[in-house]
Every structure is written in structure tokens, then in C-alpha cells.
Amino acid sequence: MRAHTTDKAMAGPRPVVMSGPSGAGKSTLLKKLLKEFNGVFGFSVSHTTRNPRPGEENGKDYHFVSREVMQTSIAKGEFIESAEFSGNMYGTSKAAVQAVQAQNLICILDIDMQGVKNIKKTDLNPIYVSVQAPSMDILEKRLRDRKTESEESLQKRLHAAKVDVEISKEPGLFDVVIINDDLEAAYGKLKDVLLEEIQKVRDVNKSS
Ligand SMILES: Nc1nc2c(ncn2[C@@H]2O[C@H](COP(=O)(O)OP(=O)(O)O)[C@@H](O)[C@H]2O)c(=O)[nH]1
Ligand SMILES: Nc1ncnc2c1ncn2[C@@H]1O[C@H](COP(=O)(O)OP(=O)(O)O)[C@@H](O)[C@H]1O
């Protein structure tokens, strides 16, 4: 929907953008990464107007806010990007990214395709990773088995997924496309892609 400018103050290691259809396995993969590389990665906590799911924590998984609050913050220029997805607003605040970068951590952003396109217009310069399910049927099964969505929300997500799969094929849009079939294999591939950045952060932290 919109691209907002970022502050030059946002320095530090290269961030990582994880994108891909709802249900492809982004959260699962990034949670593994945050756990294994504690002190290397930090999660950019987005804002959303959707309701929290059981187990989700305000301020950890998302900042859960009303549409009014979110629109006001966007109007004040507090967001790097924001988008409408499946009937709700989502967005990355400047503060969310700065909080991670201030700790010299690799900032991970879990954002949709509109977010990817809008981040490309900023000076954030992340590594772009697309996570895809092996097929639409498997994606649908994983989303249903997750039991977080109503039928209506599920259909909206599957429709968005079809669009996502097509756009992801655009050459140069992503640095890597990971097919999340076997979870450990997909996680191994993700680590390979990020190895260089991980090493850089470890070297800096060792010498400081
Ligand atoms: N553009 C943008 N997309 C976001 C942001 N936060 C989350 N999303 C995306 O919004 C979509 C829906 O997220 P969510 O409701 O948590 O469902 P899930 O991805 O199925 O777990 C996913 O594609 C996320 O990547 C954000 O700050 N900006
Ligand atoms: N490789 C995999 N094989 C089987 N199930 C998976 C795999 N990766 C993720 N899942 C499951 O699929 C569902 C969707 O994964 P999730 O990480 O929530 O996706 P996303 O964050 O992209 O929406 C979850 O229930 C998760 O446990």
C-alpha cells in the first residue's frame, strides 16, 4: 500500500525479510532460527489490527492495535511500510526495526508481498527470502491443521497464496526461494543462506 522512508540511523547488520504465503512455514522457521541463534537475530515486531490467536503475546508476536491507532501512527510517519492483508492491517514501525538494530542483531521481518515491494523502495537493504509450501494442496492442509482461521479467512489466505506463488517467480525479487517440504531440510537451507551474516555478527560481538 505505502512505502515510507527509513532513517539513515538504521545501521548495523543486513536485515532478513521472510515472505511467502500464509501457512508456508515462515513463523516455524524463524522461531527455530531465533532459538538456535539467540543473541544473533532479533524479530521485528509488527503491528496488526487482527485479533490475537491463542498463545500469541502482545508485544512479542505482534503489537495488537485498533485500526484507528494504527492509522494515526502511520499518518504521523512512524511506519516503514504498511499493508492490508486478508481484511486486516499489518505494518512495520520504524521503532520495531530500530529496537533490534540498536542491539546489533540481524533484524528479521516477516512480511507479505506488498511489504516486500515497499521495503524494496527503502534503504533497508535486506536479504530477501521467500518461503513456499511444496504445493497448494499441502499449503491448504497445513493451514487447516493449524486451526487458527475461519473458513472465510482461510479462503482469503489461499487466494492471496496463489498470487504470492506467481509473483515470487519474478526474477530478482528474492535472493532465495525455499520450498518448505521437509522442515529440517528447509531450515538447513535457510541457515546456509544466512551463514555469512551470522558469522559477521558473531565476529563483531567477539571483538567488542
Ligand atoms: N506488509 C506486512 N505484512 C506483514 C507484517 N506482519 C505480518 N505480515 C504478513 O501478514 C500475513 C498474515 O500474517 P498472520 O495474520 O500473522 O498470519 P500467518 O502468516 O498465517 O501466521 C503474512 O503474510 C505475514 O507475513 C507487516 O508488518 N507488514
Ligand atoms: N515442513 C513442514 N512440514 C509439516 N508441517 C509444517 C512444516 N512447516 C510448518 N508446518 C506447519 O504448518 C503450519 C503453518 O506454518 P506457520 O509457520 O504457521 O506458517 P506461516 O508463518 O508462514 O503462516 C503450522 O501448523 C506448522 O506447524
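For the grouping used here, Ala, Val, Leu, Ile, Met, Phe, Trp, Tyr, Cys and Pro count as nonpolar, Asp, Glu, Lys and Arg as charged, and the others, Gly among them, as polar. The structure described is a predicted model. On this grouping, the shell around ligand 1 consists of four nonpolar, eight polar and four charged residues. The shell comprises 16 residues, of which Ser22, Ser46, Ala83, Tyr90 and Gly115 are the closest to ligand 1. Two strands and one helix, namely β6 (79–85), β7 (88–93) and α4 (113–119), each contribute at least two residues to this shell.

Ligand 2 is surrounded by 14 residues, and those that come nearest are Gly25, Lys26, Ser27, Thr28 and Leu183. Two or more residues of this shell are given by each of α1 (26–36), α5 (136–146) and α7 (183–207). By residue class, the shell around ligand 2 divides into three nonpolar, seven polar and four charged residues.

An unreviewed UniProt entry carries the annotation "domain: Guanylate kinase-like" for residues 13–195. Helix accounts for 42% of the chain over residues 13–195 and strand for 21%. The C-alpha atoms at the two ends of this stretch are 13 Å apart.

Five strands form an open sheet with parallel pairing, in the order β3-β8-β2-β9-β10. Its edges are β3 (41–43) and β10 (176–179), each of which pairs on one side only. Disregarding direction, neighbouring strands of the sheet are turned by 25° against each other on average. In general, the strands of a sheet pair through backbone hydrogen bonds, in either a parallel or an antiparallel sense.

The edge strand β3 runs parallel to β8 (residues 106–110) and is joined to β8 by three bridges. Within this pair, Gly42 stands opposite Cys107 of β8. Strand β8 also pairs with β2, again in the parallel sense and over three bridges, and here Asp110 of β8 stands opposite Met18. Between β2 and β9, which run parallel, there are four bridges; Tyr128 in β9 is the bridge partner of Val17.

Side chains in a regular strand alternate between the two faces of the sheet. In β2 (residues 16–19), Val16 and Met18 point one way, whereas Val17 and Ser19 point the other way. All four of these residues are buried.

Two asparagines have unusual backbone angles in the sense that most residues other than glycine have a negative phi. Asn104 has a positive phi of about 60° and is found in the loop between α3 (94–101) and β8. Asn104 is partly exposed because 16 other C-beta atoms lie within 10 Å, a count between the limits of 12 or fewer for exposed and 20 or more for buried. Asn125 likewise has a positive phi, near 50°, and lies in the loop between α4 and β9 (127–132). With 11 C-beta neighbours inside 10 Å, Asn125 therefore counts as exposed.

Leu158 is placed in helix α6 (residues 151–168). This leucine has 17 C-beta neighbours inside 10 Å and so counts as partly exposed. Leu158 and Val65 are separated by 93 residues in sequence, and their C-alpha atoms are 25 Å apart in space.

Conventions: Residues are numbered from 1 along each chain as its sequence is written. Chains are lettered from A and ligands numbered from 1 in the order in which they are written. This is a predicted model: local features need pLDDT of at least 70, side-chain atom pairs count only at pLDDT 80 or more; totals for chains, interfaces and linings use all residues. A residue is near a molecule or strand if its C-beta atom, placed from the backbone, lies within 6 Å of it. UniProt positions are given in the numbering used here, feature names are shortened, and annotations may be inferred rather than shown by experiment. Two strands pair if DSSP finds at least two bridges between them. Axes are lines fitted to C-alpha atoms, for helices over the stretch in contact, and angles run from 0 to 180 degrees between N-to-C directions.
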